[in-house]
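Please read the points below with the model open. They deal with the pocket, the cavity, the cores and one strand residue.

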Amino acid sequence: MLNQYETVFIATPVLSETQIKEAVQKFKKVITDSEGEIVHEENWGLKKLAYPIQKKSTGFYYMIEFRSPGELIEKLELQYRRDERIIRFLTFRMDKYAVEYAEKKRKQKETEKVKED
């Protein structure tokens, strides 16, 4: 039985676009190499932090929604801790209501995008 998780990490703002993509690919690879399946991902971009972290007031936010066995979370979070580009991260298991809500929001965004086009 695979659980569904959502992880958000904040990368340091001094990185280039290429370095951000490199970090994202690294974490996606950790997920897929451990029998995880990426459901959805979003780049939230550079945002102001609520309070300074490591003397930085902004950071690049990235969200990945995925299905995987529970053992993967430990591996993924260890990689976050070891990577000096990551200043904060949060991973949580989504219950059935959170999964339904996320799917509904994605469909809503897609219909809004179609209407704009």
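How do the residues of the lining of the largest pocket divide into nonpolar, polar and charged? They divide into 3 nonpolar, 2 polar and 7 charged. Here Ala, Val, Leu, Ile, Met, Phe, Trp, Tyr, Cys and Pro count as nonpolar, Asp, Glu, Lys and Arg as charged, and the others, Gly among them, as polar.

1. Basis. This is a predicted model, in which local features need pLDDT of at least 70 and side-chain atom pairs count only at pLDDT 80 or more, while totals for chains, interfaces and linings use all residues. Residues are numbered from 1 along each chain as its sequence is written, and side-chain values use heavy atoms, with hydrogens and water left out.

2. Overall fold. The chain has 3 helices and 4 strands, in the sequence pattern β-α-β-β-α-β-α. Helices (H or I, at least four residues) and strands (E, at least two) are DSSP runs numbered from the N terminus. The C-alpha trace spans about 40 × 40 × 25 Å along its principal axes. Of the contacts (heavy atoms within 4.5 Å) with a separation of 6 or more, 73% join residues 24 or more positions apart.

3. Surface. The accessible surface is about 7900 Å², and 51% of that area belongs to carbon and sulfur atoms. Areas come from the Shrake-Rupley method with a 1.4 Å probe; for residues, only the protein chains shown count as cover. Of the 117 residues, 41% are buried, meaning under 20% relative accessible area (exposed is over 50%, partly exposed in between; 1.4 Å probe, protein chains only).

4. Largest pocket. On a 1 Å grid over the protein atoms alone, a pocket is an open set of points with protein on both sides within 12 Å along at least five of seven lines, a cavity is a set where a 1.4 Å probe fits but cannot get out, and lining residues have an atom within 4 Å of a point. Points are joined across faces, edges and corners, and a volume is the space filled by probe spheres set on them. The largest pocket holds about 190 Å³. β2 (37–53), β3 and α3 (96–116) each supply at least two lining residues, and the largest share, 6 residues, comes from α3. Among the lining residues are Glu-6, His-40, Trp-44, Glu-65, Lys-105, Arg-106 and Glu-112.

5. Cavity. The count is 1 cavity of 30 Å³ or more, and the largest has a volume of about 40 Å³. Its lining has 7 nonpolar residues, 1 polar and no charged. The residues are Phe-9, Ala-11, Ile-20, Val-24, Asn-43, Phe-60, Tyr-61 and Tyr-62. β3 gives the most, with 3 residues.

6. Cores. A nonpolar core is a set of buried Ala, Val, Leu, Ile, Met, Phe, Trp, Tyr and Cys residues joined through side-chain atoms within 4.5 Å. The largest has 19 residues, and Phe-9, Phe-27, Phe-66 and Leu-76 have the most contacts inside it. α1 gives the most to this core, with 6 residues. Leaving aside residues up to four places away in sequence, Phe-9 touches ten-membered surroundings that include Val-24, Phe-27, Tyr-80 and Phe-89.

7. Ser-68. Is this residue of strand β3 buried or exposed? Ser-68 is buried, with a relative accessible area of 0%. Beyond residues up to four places away in sequence, Ser-68 touches Leu-2, Asn-3, Tyr-5, Gly-36 and Ile-73.
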